[in-house]
Amino acid sequence: MRRAPRAPRAPRPPSTLTAPPPPAGGGGADTERETALAGLFEAHYTSMLRLATLLGADDPENIVAEAYYELYRKWRRLRRTESAEAYLRSVVCNLTRMRIRHLQVVRRHVQAPGADRIPESVASAEHTALLRDDQQALIGALRQLPPRQREALVLRHWLGLKEAEIAEAMGISPGSVKTHTARGIAALTQVMENRR
């Protein structure tokens, strides 16, 4: 007995600044989804890109493109469209975390021991010139934190999320959010005090 051929999957969005592609078939629900996704893309692409960068992604554009693709795929499963931004933020955190773990494993097997740290991203001369020494030291210290502490601090102090929202985005309890945030702040404070 021959099986019917599978329908092709929707193509992944390119890692450029374009919204996810519309599906082949049209419809009222699809039009609403496309409109909502285009609005989310316009409103949150830049902040999601910054989030991925601050969390240590080596290729934040692809992380964010993949997150929008996941949102596109799961759109009909969202209980409330208002939760799309939180879902997107959570996917960016998870994809970044998975990418960092993957790179650490690859580096352990390819490079010498001790080379499993997250590399500092290469910044343009203009970008480096614009950052003050304290900002560079703080960003460098942030990159040295364990991933969970870095995520908690970025979500709390950069995005201004509440503990419950951070817990949801990271997939941990609010108590763990407090612990990671406190330890991260203590480590950053120590680094900055040692500079004085």
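# Group meeting talk: a walk through an all-helix model

Let me start with one residue, Leu 51, which is buried, with a relative accessible area of 0%. Please keep in mind throughout that this is a predicted model.

Where does Leu 51 sit? Its place is in helix α1, and that helix covers residues 28–54. If we set aside residues up to four places away in sequence, Leu 51 touches Arg 89, Val 92, Cys 93, Val 154, Leu 155, Trp 158 and Leu 159. I'd also like you to find Val 64, which is 13 residues from Leu 51 along the chain. The C-alpha atoms of Leu 51 and Val 64 are separated by 9.2 Å.

Now step back one place to Arg 50, also found in helix α1. Is Arg 50 buried or partly exposed? It counts as partly exposed, because its relative accessibility is 48%. Arg 50 and Glu 61 are eleven residues apart along the chain, and 9.5 Å separates their C-alpha atoms.

Let's zoom out for a moment. The protein has eight helices and zero strands, so if you follow the chain on the screen you will read α-α-α-α-α-α-α-α. There are 196 residues, and 36% of them count as buried. What about contacts along the chain? Taking contacts between residues at least 6 apart in sequence, 63% join residues at least 24 apart.

Next, helix packing, and here a little background helps. Two packed helices are described by the angle between their axes and the distance between the axes.

With that in mind, look at α6, which spans residues 147–158, and α8, which spans residues 174–194. The axes of α6 and α8 come within 8 Å, and they cross at roughly 95°. The two helices are therefore roughly perpendicular to each other. Which residues meet here? On the α6 side we have Arg 148, Gln 149, Ala 152, Leu 153 and His 157. On the α8 side they meet Val 177, His 180, Thr 181, Arg 183, Gly 184, Ile 185 and Leu 188. By class, the residues of this contact divide into five nonpolar, five polar and two charged.

Let me pick out Gln 149 from that group, since it lies in helix α6. Gln 149 is buried, because its relative accessible area is 12%, and the cut-off for buried is under 20%. Leaving aside its neighbours within four places in sequence, Gln 149 is in contact with His 180, Arg 183 and Gly 184.

For another glutamine, turn to Gln 144, which lies in helix α5, residues 133–144. At 41% relative accessibility, Gln 144 counts as partly exposed. Its C-alpha atom is separated by 9.5 Å from that of Ala 187, and the two residues are 43 apart along the chain.

Helix α8 has another partner to show you, namely α7. How do α7 and α8 cross? Their axes come within 8 Å and cross at roughly 95°, which makes α7 roughly perpendicular to α8. From α7, the contact is made by Glu 163, Ile 166 and Ala 167. From α8, it is made by Pro 174, Val 177 and Lys 178. The residues of this contact divide into four nonpolar, no polar and two charged. You may recognise Val 177, which appeared in the contact with α6 as well.

My last stop is empty space. Rolling a probe the size of a water molecule over the atoms shows where empty space is left.

How many cavities of 30 Å³ or more does a search of the whole structure find? The answer is two. I'll show you the second largest cavity, which holds about 30 Å³ of space. Its lining is made of Ala 86, Arg 89, Ser 90, Glu 165, Glu 168 and Ala 169. Both α3, residues 84–110, and α7, residues 163–170, supply at least two residues of this lining. Sorted by class, the lining has two nonpolar, one polar and three charged residues.

And that brings us back to the start. Arg 89, one of the lining residues of that cavity, is also among the residues that Leu 51 touches. Thanks for listening, and please rotate the model yourselves!

Note on methods: Residues are numbered from 1 along each chain as its sequence is written. This is a predicted model: local features need pLDDT of at least 70, side-chain atom pairs count only at pLDDT 80 or more; totals for chains, interfaces and linings use all residues. Side-chain values use heavy atoms; hydrogens and water are left out. On a 1 Å grid over the protein atoms alone, a cavity is a set of points where a 1.4 Å probe fits but cannot get out, and a pocket is an open set with protein on both sides within 12 Å along at least five of seven lines; lining residues have an atom within 4 Å of a point. Grid points are joined across faces, edges and corners, and a volume is the space filled by probe spheres set on the points. Helices (H or I, at least four residues) and strands (E, at least two) are DSSP runs, numbered from the N terminus. Ala, Val, Leu, Ile, Met, Phe, Trp, Tyr, Cys and Pro count as nonpolar, Asp, Glu, Lys and Arg as charged, and the others, Gly among them, as polar. Axes are lines fitted to C-alpha atoms, for helices over the stretch in contact, and angles run from 0 to 180 degrees between N-to-C directions. Angles under 35 degrees count as roughly parallel, over 145 as roughly antiparallel, 65 to 115 as roughly perpendicular and the rest as oblique. Contact means heavy atoms within 4.5 Å. Buried means under 20% relative accessible area, exposed over 50%, partly exposed in between (1.4 Å probe, protein chains only).
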